[in-house]
Every structure is written in C-alpha cells, then in structure tokens.
Amino acid sequence: MKNLLRLNPQFQRAFTLIFFSLAIAVTPVRADDTMAAPTTPVKAELHYLKEGKPNATELLAPPPLPDSAEQAADMATVREVYHATGSNDIAAAYLEKKFDIFNFTPAIGNFFFAGKFPKTEKFFDHVQTDAETVTDNAKDFYKRPRPYVTDPTLANGKLEKSFSYPSGHSTESMVLALVLADLFPNKHDAIIAIARTIGWHRVEIARHYPTDIYAGRVLAQAIVKDMEKSEKFQKDLAEAKAEIATAQTTAKNSP
C-alpha cells in the first residue's frame, strides 16, 4: 500500500479525500464546527441506563447555526414570548427551578404527595438522575449559549451557567411524565400536559429556545424507551405500582 501511494499521487489524493469524508460522516454534527472540543462526558451513577445510551448527539439534530436565519427566528420567538408572558406564568416558571413528580399532583390527585410513597419517590429520583446525566452530556457537546447570553436584555432572576440545548427541564419533566402516565394511564393526557407546560415555561423566562424544548421531548422518549429495557427498572416500576395501588385502595376504603 505504501509503495502504491508513493508511486501514484492521484490515488493518494483520492484516498485522502475518501478517508476524511468517512471521518466526517461518522462524527456527530454540532451547531458550529468552530466550537471548542466537547468536554469530558458527565460521569454519574446510572440506575437504569447503560453508559452512552441513549446517545443524544446521534439522536438529535444539532441546534440552529449561530448567525443563521433559523437562529434568528428561534431568538425572535423567545423575545416575543418573554415580553408577552404574564406574571403568573413567570412566577410558576421560577418555582419550577427544582421540580419532581409531585409537580404532577394536580393531574393525579391530592392523595399523591411527598412522604407517602417512599419506594415510588426513590424510583423516580433514580429516573430523573439518569435523565439529567444524558441531558447534561448533550448540553456539553453542543455548547449552545442560552438566549440571555446571546441577548443580555433577556437576563432575569438567577441565571444558569450551563448550556441551552437540549432543555433539561423539558427532557426530565417529560421523562417523569411518560413513566407516571404508565402508573396512572387514565391521567395520561393531563400528566403529559404538565410536562409540556414545565418545558414551555423555560421559554417564557428566556432560559431556552423553543428548539431546546422540542429536542428535550424527543430525547425524553428515547430515554424512557432505553430505561424500559432494564430489568431493574421494571422491578422498581412494579414496586411503585404496588405501593400506589395500596394507597389508592386505602383511600377508597377510608370513611
């Protein structure tokens, strides 16, 4: 091979072009190829997922390119939504800085409150932690600045230092919602609606672009699909179902 390349410059050039074409084809695409190299992947104890699965950088399309018409349209939506949002939604968005399964109590019922379901709470804490790890690795790969970094006039409240794409709130809330909807199938639509609202609130306070939110919803479905392959997930899910069923039966039999 070395002699052939040395004796045939045309073949050498063709081989080089093919090599780099293949390298580009198998490399995940980020929003801007001038970005710094991706940071080291977030290392955390995974409970129901295998390391690197799902791979958000293979699953998601990259966010809009900086200075593109697509980015300008995304930013225009953030500005419009931010300036049109009422005080009640702003207050709700701030309260959702930290959230868990009990943000979904309005859809599920007042019997569903913290401290009553220890196995269920532990299970969902593990679910949310796994989802956060996947999302954080994607954020550190794409390195998309948040809207208020690109446009400082949108800055408000206590600002996050992490990147924007995909939205952690959108991803994690939808992961929780999809699993909760399995536990409460008759409440499915109302549970999903709350997750969608949690994600959209982040646009209303200029923490995210709409494309960040939509990417999070896609990623959430992939996360849950991979979790469902785990025997430990299925075991813990069954225990959560049993715990909730017992509580529901007790509530019905109470005077």
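In this predicted model, the count of aromatic pairs comes to twelve. One of them joins F111 and F112, whose rings stand edge-to-face, with 6.3 Å from centre to centre and 65° between the planes; F111 is buried, as is F112. A further pair is formed by F123 and F233, for which the ring centres are 5.4 Å apart and the planes meet at 55°, so that this pair is classed as tilted. Because F123 belongs to helix α7 and F233 to helix α12 (residues 231–253), the contact between these two rings ties together parts that lie 110 residues apart in sequence. Both F123 and F233 are buried. Beyond individual pairs, F102, F111, F112, F117 and F184 are linked by ring pairs into a cluster. An aromatic ring also takes part in a contact with a charged group, in that the charged end of R144 sits over the ring of Y209, at 3.8 Å from the ring centre.

Several of these aromatic residues reappear in the nonpolar interior. The largest nonpolar core comprises 46 residues, and those with the most contacts inside it are F104, F112, F123, V127, L180 and F184. At least two residues of this core are supplied by each of α6 (105–108), α7, α9, α10 (188–204), α11 (210–227) and α12, with the largest share, eight residues, coming from α7. Helix α7 thus contributes F123 to the tilted pair with F233 of α12, and F123 is in turn among the core residues with the most contacts. F112, the buried partner of F111 in the edge-to-face pair, is likewise one of the residues with the most contacts inside the core, and F184, a member of the ring cluster, is another.

The second largest pocket has a volume of about 340 Å³. Its lining consists of 15 residues, of which K97, K98, E132, H169 and E172 are the closest to the centre of the pocket. Helices α7 (118–142) and α9 (168–183) each supply at least two of the lining residues, and α7 gives the most, with four residues. By class, the lining of this pocket is made up of nine charged, five polar and one nonpolar residue. Helix α7 accordingly features in both settings, as the source of the largest share of the nonpolar core and as the element that gives the most to the lining of the second largest pocket.

How values were computed:
Residues numbered from 1 in each chain as written. Predicted model: local features only at pLDDT ≥ 70, side-chain atom pairs only at ≥ 80, totals over all residues. Heavy atoms only, no water. 1 Å grid on protein atoms, 1.4 Å probe; cavity = no way out; pocket = protein on both sides within 12 Å on 5 of 7 lines; lining within 4 Å. Points joined across faces, edges and corners; volume = space filled by probe spheres on them. Nonpolar A, V, L, I, M, F, W, Y, C, P; charged D, E, K, R; others polar. Phe/Tyr/Trp six-rings, centres within 6.5 Å; stacked < 30°, edge-to-face > 60°. Buried < 20%, exposed > 50% of the residue type's maximum accessible area, 1.4 Å probe, protein only. Lys NZ or Arg CZ within 6 Å of the ring centre and 35° of its normal. Core = buried A, V, L, I, M, F, W, Y, C linked by side-chain atoms within 4.5 Å.
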